[in-house]
Amino acid sequence: MKKNCGVWISILSHKLKKRMNAKMQSLGITGVQSHIMHFIIVNAAERQVFQRDVESAFCLSRSTATGILQSMEKNGLILRESVPIDARLKNLIPTEKAVSLDAQIGEYIRDVEQCITHGLTDAQLSMFFETAALMSDNLDA
C-alpha cells in the first residue's frame, strides 16, 4: 500500500514525539513542554510572554495550551503573573528550575534534530522546509 503525505506526516509526528518524550523523561518533562519552556525562556528575556504567544507559536488551541501550561506551572517550571493593565492576561515567567534545565533541553533537542536530519543534504533540508511551509499554508486555506 502506498502511503500518502498525511500518513507519512502522521508517522513522522508520532516517531518524533516518542523520541522527544523519551529524551526529556529524565528531566521530568515532555517533549512539547521542553519546546514551550525554551520558547518562554528565550522570549521572556526580551518581553512579556502570554498564553496567546504560545498558542500562536505552536499552533495550539486555547484549551491545549492551558493544559500544558497548567502542568508546567504545577511542576514548578513557570509562574503566571497577572498583568496590571489587564487582569485576564497572565505573564508567563520561567522559574529557576526551568532555566537550569534549559541547557540540557537544548542539547536533547539538538540530538533529536541531528537524528532526524542525519544523511540529508542541505538541498534536501531546504526543499523539506519549503515543502512543509507550503503544506502548512495549504492547510490554513
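## Exercises: a helix contact and two pockets

**Exercise 1.** In this predicted model, which residues of H1 meet which residues of H2? Then work out how the two helices are oriented to each other.

*Solution.* Start with the contact itself: Met-20, Asn-21 and Met-24 on the H1 side meet Gly-31, Ser-34 and His-35 on the H2 side. Sort those residues by class and you get two nonpolar, four polar and no charged. Next, the geometry: H1 (residues 5-24) and H2 (residues 31-44) pack at about 75°, and their axes are 7 Å apart. Angles of 65 to 115 degrees count as roughly perpendicular, so that's the label for H1 and H2.

**Exercise 2.** What is the volume of the largest pocket, and which helix supplies the largest share of its lining?

*Solution.* The volume comes out at about 1,300 Å³. Of the 30 lining residues, Leu-12, Ser-13, Leu-16, Ile-116 and Phe-128 are the closest to the centre. Now go element by element: H1, H2, H3 (51-58), H5 (96-117) and H6 (122-140) each chip in at least two residues. H1 takes the largest share, with nine. By class, the lining splits into 21 nonpolar, seven polar and two charged residues.

**Exercise 3.** Which residues line the second largest pocket, and how many of them are charged?

*Solution.* This pocket has a volume of about 160 Å³. Its lining is Leu-12, Lys-15, Leu-16, Arg-19, Val-112, Cys-115 and Ile-116. The elements giving two or more of these are H1 and H5, with the largest share, four residues, from H1. For the class count, Lys and Arg go down as charged, so Lys-15 and Arg-19 are the two charged residues, alongside five nonpolar and no polar.

Key. Residues are numbered from 1 along each chain as its sequence is written. This is a predicted model: local features need pLDDT of at least 70, side-chain atom pairs count only at pLDDT 80 or more; totals for chains, interfaces and linings use all residues. Side-chain values use heavy atoms; hydrogens and water are left out. Axes are lines fitted to C-alpha atoms, for helices over the stretch in contact, and angles run from 0 to 180 degrees between N-to-C directions. Angles under 35 degrees count as roughly parallel, over 145 as roughly antiparallel, 65 to 115 as roughly perpendicular and the rest as oblique. Contact means heavy atoms within 4.5 Å. On a 1 Å grid over the protein atoms alone, a cavity is a set of points where a 1.4 Å probe fits but cannot get out, and a pocket is an open set with protein on both sides within 12 Å along at least five of seven lines; lining residues have an atom within 4 Å of a point. Grid points are joined across faces, edges and corners, and a volume is the space filled by probe spheres set on the points.
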